[in-house]
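Here's a quick briefing to read with the model open beside you. Have a look at the fold, then work through the points below.

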Amino acid sequence: FMKQQFALQKDFILPRLRALGIVGQLPGFQGNVPIQLKHMFHDVNITRQGGTGWMDSLDPLFDRISDMYMKTLIGEFGTDHW
């Protein structure tokens, strides 16, 4: 499902918005991570929410993951969006 949504955004939605002169809006990293990350980084501040986890934005690992997320997002979609 997520791969299909990613492809839809990249191949159809953003190109169509750009063709119409509209600036697209893509999500930033919100802190939702696999709960298993806590087993790899024992000191990370993650709150369990069902089968996933929410990382505290003040945790040092949050910055590292959000930087990787944004580099991937910009690499795939470019920089002409919010």
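Helices (H or I, at least four residues) and strands (E, at least two) are DSSP runs, numbered from the N terminus. By that count, this protein has three helices and three strands, and G21 sits in the loop between α1 and β1. Keep in mind that this is a predicted model, where local features need pLDDT of at least 70, side-chain atom pairs count only at pLDDT 80 or more, and totals for chains, interfaces and linings use all residues. Residues are numbered from 1 along each chain as its sequence is written, and side-chain values use heavy atoms, with hydrogens and water left out.

**Overall shape**

- Going along the sequence, you meet the elements in the pattern α-β-α-β-β-α.
- The radius of gyration of the protein is 15 Å, well over the 12 Å that the globule rule gives for 82 residues, so the protein is more spread out than a compact globule. (That radius is taken over C-alpha atoms, and the globule rule is 2.2 Å times the number of residues to the power 0.38.)
- Along the principal axes, the C-alpha atoms fill a box of roughly 45 × 25 × 15 Å.
- Of the 82 residues, 26% count as buried. Buried means under 20% relative accessible area, exposed means over 50%, and partly exposed is in between (1.4 Å probe, protein chains only).
- Contact here means heavy atoms within 4.5 Å. Among contacts with a separation of 6 or more, 45% come from residues 24 or more positions apart.
- The accessible surface comes to about 6300 Å², and 59% of it belongs to carbon and sulfur atoms. Areas come from the Shrake-Rupley method with a 1.4 Å probe; for residues, only the protein chains shown count as cover.

**Helix α3**

- The 18 residues of α3 (residues 60-77) should span 26 Å at 1.5 Å a residue, and the end C-alpha atoms are indeed 26 Å apart. The expected span is 1.5 Å times one less than the number of residues.
- L61, F62, I65, S66, L73 and F77 are the buried residues in α3. Down the helix axis, the buried residues fall within an arc of 125°, so they line one face of α3. (The arc is that of the directions from the helix axis to the C-beta atoms.)
- Cover for those buried residues includes α1 (2-19), β1 (32-34), α2 (37-40) and β3 (52-55).
- On the other side of α3, you'll find P60, R64, M68, K71 and G75 exposed.
- Where α3 starts, a side-chain oxygen of D59 comes to within 2.9 Å of the backbone nitrogen of L61.
- Just after α3, G78 takes a positive phi of about 85°.

**Residues to look up**

- Q9 belongs to helix α1 and is buried, at 18% relative accessible area. Skipping neighbours within four places in sequence, Q9 is in contact with L14, P15, L26 and F77.
- K10 is also in helix α1, and is partly exposed at 33%. Leaving out neighbours within four places in sequence, K10 is in contact with P15, E76 and F77.
- K10 and E76 are 66 residues apart in sequence, yet 7.6 Å apart C-alpha to C-alpha. Their side chains are joined by a polar contact of 2.6 Å. (A polar contact is a pair of N or O atoms within 3.5 Å; within protein, one must be able to donate a hydrogen and the other to accept it, and residues adjacent in sequence count only if both atoms are side-chain atoms.)
- G21 counts as exposed, at 65% relative accessibility. The C-alpha atoms of G21 and E76 are separated by 20 Å, with these positions 55 residues apart along the chain.
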